[in-house]
Amino acid sequence: MYHNSFRAGLRDGLPIALGYFPVSFAFGIQAVGMGIPAFHAVLISLTNLTSAGQFAGLGIIASGAGLLEMALTQLVINLRYALMSLSLSQKLAPTVTLLERCAVAFGNTDEIFAVASSKPGSLGARYLYGLILGPVIGWTGGTLTGAVAGGLLPAMVQSALGVALYGMFIAIVVPPARKLRPVTAVAGIALVCSCLFAWLPALKQVSSGFAVIFCTLIAAGLGAALFPVQPEKEAQP
């Protein structure tokens, strides 16, 4: 089966776009609240399209940290996209050119990867362009709306809307954590590490960007050591 309809991609990407809008709305409000101009906030969303990376980047920008810290933080947080792009490339039709593959990799987020990977058969560039376009508009448009509203809404309302980010992370982590013990353990390890960096006097001196890097590496490393993925058994003849 070969999927290469731009319209079908738009249809499949619409729910993702609607889900991205409120989260990016919170990003726009938070960015403007930290002194970032609305145009720059929109440009960040348009060129990054990554929720966790962008919110982590806001803290780094606000703290005045250097470019190296920003680059390392984004590398650690967004490294999964490289793996997802490698996986998704196996489903692309042979007619998809290298330039088209690069364009698809730019818009390959968690949700887009999940939808694209679940389609049976191979995928064409037009379908993927349609699948990506809606979420890009939803994410960038939500940021623009939030950035503009940030200067109009009362501080109490802005603070309440900022909770949307944490609600998104809870919605992502809790369902698999209830079913899979390794996910629960890794999330718990990351929580403990984050608390240590926030409360211990010796670790409080570490900047927010490097704290995210250390917490991610420690949690992921211990998770890999304690809960290694068992290779699938070969089918018996």
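A crossing of two helices is called right-handed if the near helix is turned clockwise from the far one by less than a right angle. With that in hand, here are close-up views of this predicted model.

**View 1. Helices H3 and H4 cross in a right-handed manner.** Helix H3 covers residues 51-63 and helix H4 residues 67-89; their axes come within 10 Å and cross at roughly 160°. Angles over 145 degrees count as roughly antiparallel, and H3 and H4 are therefore roughly antiparallel to each other.

**View 2. Side by side, H3 and H4 share a set of contacts.** From H3, look for Ala-52, Gly-53, Gln-54, Ala-56, Gly-57, Ile-60 and Ile-61; they meet Glu-69, Met-70, Thr-73, Gln-74, Ile-77 and Asn-78 of H4. Sorted by character, the residues of this contact comprise six nonpolar, six polar and one charged.

**View 3. Arg-11, Asp-12 and Lys-119 form a network of salt bridges.** Arg-11 and Asp-12 pair through their side chains at 3.9 Å, N to O. On the other side of the network, the closest N and O atoms of Lys-119 and Asp-12 are 3.5 Å apart. Lys-119 sits in the loop between helix H6 and strand E2 while Asp-12 belongs to helix H1, so this pair ties together parts 107 residues apart in sequence. Arg-11 is exposed, at 55% relative accessible area, whereas Lys-119 counts as buried at 19%.

**View 4. A salt bridge joins Arg-80 to Asp-110.** Here the N to O distance is 2.9 Å. Arg-80 lies in helix H4 and Asp-110 in helix H6, 30 residues apart, and the pair links these distant parts of the chain. Arg-80 counts as partly exposed, at 28% relative accessibility, and Asp-110 is likewise partly exposed, at 28%.

Definitions and conventions. Residues are numbered from 1 along each chain as its sequence is written. This is a predicted model: local features need pLDDT of at least 70, side-chain atom pairs count only at pLDDT 80 or more; totals for chains, interfaces and linings use all residues. Side-chain values use heavy atoms; hydrogens and water are left out. Axes are lines fitted to C-alpha atoms, for helices over the stretch in contact, and angles run from 0 to 180 degrees between N-to-C directions. Helices (H or I, at least four residues) and strands (E, at least two) are DSSP runs, numbered from the N terminus. Angles under 35 degrees count as roughly parallel, over 145 as roughly antiparallel, 65 to 115 as roughly perpendicular and the rest as oblique. Contact means heavy atoms within 4.5 Å. Ala, Val, Leu, Ile, Met, Phe, Trp, Tyr, Cys and Pro count as nonpolar, Asp, Glu, Lys and Arg as charged, and the others, Gly among them, as polar. A salt bridge is a side-chain nitrogen of Lys or Arg within 4 Å of a carboxyl oxygen of Asp or Glu. Buried means under 20% relative accessible area, exposed over 50%, partly exposed in between (1.4 Å probe, protein chains only).
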